[in-house]
Amino acid sequence: MTKRIQLSVIDRRDFVLGAGAAAAATALLSASAGAVWAKEFSEIVKSAVGDGKPTEGKVSLELPEIAENGNTVPFAVSVESPMTEDDYVKSVHVFAEKNPNPEVVVFHFSPMSGKASAKSRMRLATTQDVVAVATMSSGALFIGKRTVKVTIGGCGG
Amino acid sequence: MATKPRVKVPKSAKVGDVIEIKTLISHKMETGNRKNKKTGKKIPRLIINSFVAKFNGKQVFQSKMHPSISANPYIAFFLKVPGAGEFEFIWTDDSGKSWSAKKKLAVN
């Protein structure tokens, strides 16, 4: 199954960030197996999170394995951290690989958070990987992902 | 359109406790990807893009939303109680419209 991703609808901020959106607008994204994401998606992640290679681990995503309704999929993200003044999680970016707008949300924490965890609900267009990237106060990046099966997509069309 | 936001905060807590704060606001969260079926024109994007939580005037949590967040956005997060005080929550949408709510927290 191939799906044409409308990167041209990405919001202005991302555009200014130079995600190469214009060049990618006509790109076709093939549903490749495994954790190999389309180059465009990797670039979107990079432009949002910044340079640096995220290490796997520390980030956990709670999501249903099968989402019957893609319009509202509950999720929780949490990151292992002592959450002290010197060592805390600054932010967590959440992405949905195959959504028309892959960026979902950015949570900004502070040492006052006590624990780096937040919950919300997202739309998912189709079966795909959901990815969370945590930025620590030290600048280190950690990444976690979950695959969600979606029965009915929820991004309109 | 959006109505009064709902926020759930424990009435009281001990200093050092980590409490959960749950928030919900009703908003259509128009993604900008949908088309009007009659005219074929795109319905412009209108979402709540920012949520800020302050405790005694200091920002403790912030969330930047994109169109992939569901309608009627629900956000829950945590706070390590530094003492008694008041929360202030502010939601802002693409049109610049904003909603706010306040909640007191007592310490025992």
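**Ser63(B)**

I looked up the accessibility of Ser63(B) in this predicted model. Ser63(B) has 0% relative accessibility, so I noted it as buried; the cut-off for buried is under 20%. I placed Ser63(B) in strand β5 of chain B, which covers residues 58-65. I then listed what Ser63(B) touches, leaving out residues up to four places away in sequence. From chain A the list has Val105(A), Val106(A) and Phe107(A). From chain B it has Asn49(B), Ser50(B), Phe51(B) and Ile75(B).

**Strand β8 of chain A**

I turned next to β8(A), residues 103-108. Five of its six residues are buried, so I entered the strand as largely enclosed by the rest of the structure. I checked its pairing across the chains: β8(A) and β5(B) run antiparallel and are joined by four bridges. In that pairing I found His108(A) opposite Gln62(B). Within chain A, β8(A) also runs antiparallel to β7(A) (residues 89-96), with five bridges. Phe95(A) stands opposite Glu103(A) there. I noted that the hairpin from β7(A) to β8(A) passes through six residues.

**Contact between the chains**

I looked up the extent of the contact: 34 residues come from chain A and 35 from chain B. The two chains bury about 2700 Å² between them, and 50% of that is on carbon and sulfur atoms. I found 20 residue pairs in polar contact between the chains, counting pairs with both residues at pLDDT 80 or more. On the side of chain B that touches chain A, the elements giving two or more residues are β3 (18-24), β5 and β6 (74-80). β5(B) gives the most, with eight residues. By class I recorded 17 nonpolar, nine polar and nine charged residues on that side.

**Lys119(A)**

How many salt bridges are there between chain B and chain A? I found one. The side chains of Lys119(A) and Glu20(B) form it, at 2.8 Å from N to O. I also found Lys119(A) paired through a strand: its bridge partner in β6(B) is Ala76(B). Strand β9 of chain A (residues 116-122) and β6(B) run antiparallel and are joined by two bridges.

**Strand β8 of chain B**

Last, I followed β8(B), residues 98-107. It pairs in the parallel sense with β2(B), residues 12-13, over two bridges, and Ala13(B) stands opposite Val107(B). With β7(B), residues 85-93, I found antiparallel pairing over eight bridges. Glu86(B) has Lys104(B) as its bridge partner in β8(B). The hairpin of β7(B) and β8(B) has four residues between the strands, and I noted a positive phi near 90° at Gly96(B).

Technical notes. Residues numbered from 1 in each chain as written. Chains lettered and ligands numbered in written order. Predicted model: local features only at pLDDT ≥ 70, side-chain atom pairs only at ≥ 80, totals over all residues. Heavy atoms only, no water. Buried < 20%, exposed > 50% of the residue type's maximum accessible area, 1.4 Å probe, protein only. Contact = heavy atoms within 4.5 Å. Pairing = 2+ DSSP bridges. Buried area = accessible area lost by both parts, 1.4 Å probe. Salt bridge = Lys/Arg side-chain N within 4 Å of Asp/Glu carboxyl O. Polar contact = N/O pair within 3.5 Å; in protein donor to acceptor, adjacent residues only side chain to side chain. Nonpolar A, V, L, I, M, F, W, Y, C, P; charged D, E, K, R; others polar.
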